[in-house]
Amino acid sequence: VTGVQTCALPICAAQSLDNLISQRKAKPMILVMPDANPEALVSTKENLSLVKNILLYPAWRRREFERSFPAMDDFLGGLYRFAPRPGGRAVAGLSAGAKQSCNLVNMYDSTFTSVGLFSPVVGRRQMPEGSYSRYWIGGGAGDLFHHRINKFRKKLQRRHIPYTMYNTAGGHTWRNWRLYFTEYVQTLFWN
């Protein structure tokens, strides 16, 4: 775990989700959360440099994580009891991990009920053609990708794909991502 990621979502997500379940604010579920930075690439410059480094990483560009999802899903299915249908799974990611979440939904469309995008770095390739998934998008007014988030949201709207937009102050930060995570998981699987 890098200094930037200490007790961030990948580590604290399970604890947070367990707490929300025990408080009856969320149902037990499988929530896939891609880590867009598996090699722990760290930038010494601003956030944008880190995102550029990640986007240039060859394994990330080849969608290796996304292609390995069926094997991970089978492995988890052998360890935990969960419904092998969309109603038992969601996917969520932050920043470039949100882009991976969109890729997963596009590659395995009928697998997920919901996709949570926290300050997503999204573009044309992440737009779904048709979707079984409900989108939840969190974005800050000061986010360096705010314009992309708005373009993505408007495209979802034009295609009549259901989504919820959760706007906050602030930017592309862990503080916002933790807030988005807590808000998002409380919307899952209650209907």
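Colleague: On which residue is the kink in α4 centred?
Modeller: This is a predicted model, and in it helix α4 covers residues 64-79, with 16 residues that reach 23 Å from the first C-alpha to the last, close to the 22 Å expected at 1.5 Å a residue. Within α4 there is nevertheless a kink of about 40°, and the residue on which this kink is centred is Pro-70.

Colleague: Against which elements do the buried residues of α4 pack?
Modeller: The residues of α4 that are buried include Glu-66, Phe-69 and Asp-73. The partners against which the buried residues of α4 pack are two strands and a helix, namely β1 (30-32), β2 (89-94) and α5 (96-107).

Colleague: What arc do the buried residues of α7 cover around the axis?
Modeller: Helix α7, residues 174-185, has 12 residues that should span 16 Å at 1.5 Å a residue, and its end C-alpha atoms are indeed 16 Å apart. In α7 the buried residues are Asn-176, Trp-177, Tyr-180, Phe-181, Tyr-184 and Val-185. They lie on the same side of α7, because the arc that they cover around the axis is only 145°.

Colleague: Why does Leu-188 count as buried?
Modeller: Leu-188 lies in the segment after α7, and, leaving aside residues up to four places away in sequence, Leu-188 touches Met-29, Leu-31, Ala-90, Ser-114 and Arg-134. Buried means under 20% relative accessible area. Leu-188 therefore counts as buried, its relative accessibility being 0%.

Colleague: What distance separates the C-alpha atoms of Leu-188 and Met-29?
Modeller: Met-29 is among the residues that Leu-188 touches. Although Leu-188 and Met-29 are 159 residues apart along the chain, the separation of their C-alpha atoms is 8.5 Å.

Colleague: Which element gives the most residues to the largest nonpolar core?
Modeller: The largest nonpolar core has 21 residues, of which Phe-112, Leu-117, Tyr-135 and Phe-152 touch the most other members. Two or more residues each come from β1, α5, β3 (114-118), β4 (134-140) and α6 (146-158). With four residues, the element that gives the most to this core is α5.

Colleague: How many residues are in the other core, the one that includes Leu-20 and Leu-94?
Modeller: This other core lies apart from the largest nonpolar core, and its members include Leu-20, Leu-31, Leu-94 and Val-185. Val-185 is also one of the buried residues of α7, and Leu-31 is one of the residues that Leu-188 touches. The number of residues in this other core is 17.

Colleague: What share of the contacts between residues at least 6 apart in sequence join residues at least 24 apart?
Modeller: The chain has seven helices and five strands, and from the N terminus on they run in the order α-β-α-α-α-β-α-β-β-α-β-α. Of its 191 residues, 46% count as buried. Among the contacts between residues at least 6 apart in sequence, the share that join residues at least 24 apart is 68%.

Colleague: Which element has the lowest mean pLDDT, and which the highest?
Modeller: Over the chain the mean pLDDT is 75, with 72% of the residues at 70 or more. The pLDDT stays under 50 over residues 41-48, although the model has 13 contacts for this stretch beyond four places in sequence. Among the elements, the lowest mean pLDDT, 51, is that of helix α2 (residues 47-56), while the highest, 95, is that of strand β5 (residues 163-168).

Definitions and conventions: Residues are numbered from 1 along each chain as its sequence is written. This is a predicted model: local features need pLDDT of at least 70, side-chain atom pairs count only at pLDDT 80 or more; totals for chains, interfaces and linings use all residues. Side-chain values use heavy atoms; hydrogens and water are left out. The expected span of a helix is 1.5 Å times one less than its number of residues. The bend at a residue is the angle between axes fitted to the seven residues ending there and the seven starting there. Buried means under 20% relative accessible area, exposed over 50%, partly exposed in between (1.4 Å probe, protein chains only). Contact means heavy atoms within 4.5 Å. The arc is that of the directions from the helix axis to the C-beta atoms. pLDDT is the predictor's confidence in each residue, from 0 to 100. A nonpolar core is a set of buried Ala, Val, Leu, Ile, Met, Phe, Trp, Tyr and Cys residues joined through side-chain atoms within 4.5 Å.
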